[in-house]
Amino acid sequence: MADTIGTILFTEKQIQKRAKEIGEEITKEFAGEEVILIGTLKGSCLWMADIMKAISLDVKIDYIWASSYGSSTTTSGIVTIKKDIETDLHGKNVIIIEDIIDTGTTLNYIKNQLKERNPKCVKICSMLDKPSRRIADVQGDYIGFEIENLFVVGYGLDYDQKYRSLPYVSFLEG
């Protein structure tokens, strides 16, 4: 994979505007209730902060770290949980905050693991959705942007731990 960054797909301003819209939607849907945001480490951190700031409800947060990629640009298909959540989800409204839904393998695994803890509901909020690569039967409930089959970086997304701090979403040209 070349380390050449392509054009900007989404600016920080566009991402924050979309997060505000989604936060308002979540606020309306769960009016008067508490929500628990479960961020998927490490890529969702910036998106999660934007979503959290845009929700006008009681919000608790936790993190899960699962991977099926390692240092590759393609999934191995084997999901490994590296850090589990610490929050009791029984009877709670849970929203998984994801950076990108790609094959859906990891996200599907996480969602099923969280459902076993008897939450009231489990929803998915992803900054990016790449449906052309979907293998697992998983759909986002709140999607920031749909993208083509590009290897994207920036705004928390990385390639082998590089480019996470870019204040926008771009892609690697190869």
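Let's start with the aromatic rings: a search through the whole of this predicted model turns up 2 aromatic pairs. Take F10 and F145 to begin with. Their ring centres sit 4.1 Å apart and their planes make an angle of 20 degrees, so this pair counts as stacked. Now look at where the two partners come from. F10 belongs to the loop between β1 and α1 (12-29), while F145 is part of strand β7 (residues 142-146), so the pair ties together parts that are 135 residues apart in sequence. Are these two residues buried or exposed? F10 has a relative accessible area of 13%, which is under the 20% cut-off, so F10 is buried. F145, with a relative accessible area of 16%, is buried as well.

The other pair is made by F151 and Y159, and here the arrangement is edge-to-face: the centres are 5.8 Å apart, with 85 degrees between the planes. Both of these residues are buried too.

With the rings in place, turn to the sheets. One of them is an open sheet of 6 strands, and if you walk across it you meet β4-β3-β2-β5-β6-β7 in that order, with mixed pairing. Which strands stand at the edges? They are β4 (80-83) and β7, each of which pairs on one side only. As you step from one strand to the next, the twist averages 30 degrees. At the β4 end, strand β3 (residues 59-67) runs antiparallel to β4, and 3 bridges join them. You can pick out S67 there, standing opposite T80 in β4.

Another open sheet has 3 strands in the order β1-β9-β8, with antiparallel pairing. Here β1 (4-5) and β8 (152-153) are the edge strands; each has a single partner strand, so one side of each is left without a neighbour in the sheet. β1 runs antiparallel to strand β9 (residues 170-173), and 2 bridges join the two. If you want a residue to look for, try T4, whose bridge partner in β9 is E173.

Next come the helices. α1 lies across β5 (93-101), β6 (121-129) and β7, and runs at about 160 degrees to β7. Helix α2 (residues 45-54) lies across β2 (35-41), β3, β5, β6 and β7, and its direction is at about 160 degrees to β3.

What fills the inside? The largest nonpolar core has 28 residues, and the members that touch the most others are W47, I51, I95, L128 and V169. Several elements chip in: α1, β2, α2, β5, β6 and β7 each supply at least two residues of this core. W47 is a good place to stop and look around. Leaving aside its neighbours within four places in sequence, W47 is in contact with I15, A19, I22, I97, E98, C125, S126, M127, G144 and Y155. There is also a second, separate core of 17 residues, and among its members are I85, L89, I96 and A136.

The last stop is helix α3. Which of its residues are buried? They are T105, T106, L107, I110, K111 and L114. A helix has a repeat worth keeping in mind as you look at such a list: an α-helix has 3.6 residues a turn, so residues three or four places apart point the same way. The cover over the buried residues of α3 includes β2, β3, β5 and β6.

Two of these residues deserve a closer look. T106 sits in helix α3 (residues 105-115) and is buried, with a relative accessible area of 12%. Setting aside neighbours within four places in sequence, T106 is in contact with A66, S67, S68 and V79; S67 is the residue that stands opposite T80 in β4. The C-alpha atoms of T106 and V138 are separated by 10.0 Å, with their positions 32 residues apart along the chain.I110 is also found in helix α3, and at 1% relative accessibility I110 counts as buried. Apart from neighbours within four places in sequence, I110 is in contact with T40, I64, A66 and I96. I96 is one of the residues of the second core, and A66 is a contact of T106 as well. Finally, I110 and I81 are 29 residues apart in sequence, and their C-alpha atoms are 8.6 Å apart in space.

Terms used: Residues numbered from 1 in each chain as written. Predicted model: local features only at pLDDT ≥ 70, side-chain atom pairs only at ≥ 80, totals over all residues. Heavy atoms only, no water. Helix = DSSP H or I, 4+ residues; strand = E, 2+ residues; numbered from the N terminus. Buried < 20%, exposed > 50% of the residue type's maximum accessible area, 1.4 Å probe, protein only. Contact = heavy atoms within 4.5 Å. Pairing = 2+ DSSP bridges. Phe/Tyr/Trp six-rings, centres within 6.5 Å; stacked < 30°, edge-to-face > 60°. Axes fitted to C-alpha atoms, helices over the stretch in contact; angles between N-to-C directions. Core = buried A, V, L, I, M, F, W, Y, C linked by side-chain atoms within 4.5 Å.
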